[in-house]
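Let's take a walk through this fold, one piece at a time. Have the viewer open and follow along.

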Amino acid sequence: GRMLSCLAVQQRFPSAAGWCIDRDTAHRKPCVSSAFVSKSLLSTPWAFNVSHAGAYVVLAAGPFHNVGVDVMDERPALFGGSTARYFALMRAKFTQSEWTQIQAANLSPEQQMREFLRFWCLKESFLKAVGAGLTVDLQRLSFDVRGPQVVFSIDGQTQKLWRFVENSLPGGHQVATALWTGRKAVPPQDTEWREAGEDAREAVLSEEAAAALSACAEPFTELTPTEVIDRCGINVEQSGLIERHWTDFCTTVPDKQ
């Protein structure tokens with residue numbers, strides 16, 4: 001995921017080289033390192049986000065202030081036990097409107113589980129875009145997927161400046177990407193999520209943002225780990241990245257040492 005992030009940053013900012021990503025100090029979200037990219041370039045909207053599940057690491061990036069992506073591997077859920085029992089445990093995570101869509105009468109238990117994962121993926125993509133965690137009351141967030149476009153609401157108020165794009169990957173993987181099309185970045189404080197003031201009107205996208213939004217509906221470009229490393233131009237062994245990241249992992253999960 002980190003190597004893929006570096007590749008995306010290098011493609012956006014050709015002057016960037018090597019390990020060009022960092023984490024912002026406030027919310028620990030991956031961001032472009034100012035040590036490799038000038039502040040003047042960073043002043044223009046551009047964001048990226050990474051997710052991984054099953055066989056895939058997925059990256060979404062574009063000329064937006066906030067980008068979030070989530071990928072779900074549906075296979076373990078589809079064959080992991082009682083759908084009804086699982087839904088009962090997760091009842092508080094979705095609104096009644098969402099449950100009506102998930103448990104539609106014409107859907108089999110397997111199809112209902114796929115819909116459940118679809119909605120979970122959408123909510124995760126939003127939370128990742130704003131840098132918030134799962135401590136949020138997820139019933140504040142509601143999605144309606146019955147029309148041609150995903151409709152998103154916060155506290156019952158439709159959010160026109162948030163766009164959501166859904167994709168599927170081979171092997172039973174679902175992907176949702178959240179894009180904030182407003183003119184200012186959305187902070188993670190939940191009281192500021194809702195559209196306010198002049199940003200509440202329909203977004204007028206730049207040509208670059210409109211093209212990026214259209215491109216999101218296209219299939220993902222698949223790269224092997226070797227292709228990512230080669231394109232990044234980073235000598236993983238000489239740079240000490242493997243040792244450093246293994247140390248970080250062991251610090252987070254002590255029993256792996």
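Which residue stands opposite Ser-153 in S7? The residue facing Ser-153 is Ser-142. Before going on, some ground rules: this is a predicted model, where local features need pLDDT of at least 70, side-chain atom pairs count only at pLDDT 80 or more, and totals for chains, interfaces and linings use all residues. Residues are numbered from 1 along each chain as its sequence is written, and side-chain values use heavy atoms, with hydrogens and water left out.

The protein has ten helices and ten strands; these are DSSP runs numbered from the N terminus, with helices being H or I of at least four residues and strands being E of at least two. Of its 257 residues, 43% are buried, where buried means under 20% relative accessible area, exposed over 50%, and partly exposed in between (1.4 Å probe, protein chains only).

Back to that little sheet. It is open, with three antiparallel strands in the order S6-S7-S8; strands count as paired if DSSP finds at least two bridges between them. S6 and S8 are at the edges with a single partner strand each, so one side of each has no neighbour in the sheet. Four bridges hold S6 to S7, and a hairpin of six residues connects S6 to S7. S7 and S8 are joined by two bridges: Ser-153 has Thr-158 as its bridge partner in S8, and Ile-154 stands opposite Gln-157.

The S7 to S8 hairpin has two residues between the strands. Asp-155 is in that loop, and its phi is near 55°, a positive value in a residue other than glycine. Asp-155 is partly exposed, at 38% relative accessible area. Past S8, in the loop leading to S9, comes Gln-159. Is Gln-159 buried or exposed? Gln-159 is buried, with a relative accessible area of 3%, and its side chain reaches the backbone oxygen of Gln-157 at 2.8 Å.

Now for the greasy part. The largest nonpolar core (a set of buried Ala, Val, Leu, Ile, Met, Phe, Trp, Tyr and Cys residues joined through side-chain atoms within 4.5 Å) has 32 residues, and Phe-116, Phe-126, Phe-152, Trp-162 and Phe-164 touch the most other members. Elements supplying at least two residues each include H5, H6, S7 and S9, and H6 gives the most, with eleven. Another core, of 17 residues, lies apart from it, with Val-58, Ala-60, Val-165 and Leu-179 among them.

Phe-116 turns up again among the aromatics. The structure holds 16 aromatic pairs, meaning rings of Phe, Tyr and Trp (its six-membered ring) with centres within 6.5 Å; planes under 30 degrees apart are stacked, over 60 edge-to-face, and the rest tilted. Phe-116 and Trp-120 make a stacked pair, 6.4 Å centre to centre with 15° between the planes. Why are Phe-116 and Trp-120 about one helical turn apart? Because they are four residues apart in helix H6 (residues 109-130). Both Phe-116 and Trp-120 are buried, and they form one aromatic cluster with Tyr-86, Phe-87, Phe-94 and Trp-99.

Finally, look at Trp-99: Arg-91 lies over its face, 4.2 Å from the ring centre. A charge counts as over a ring if NZ of Lys or CZ of Arg is within 6 Å of the ring centre and within 35 degrees of the ring normal.

Notes
A polar contact is a pair of N or O atoms within 3.5 Å; within protein, one must be able to donate a hydrogen and the other to accept it, and residues adjacent in sequence count only if both atoms are side-chain atoms.
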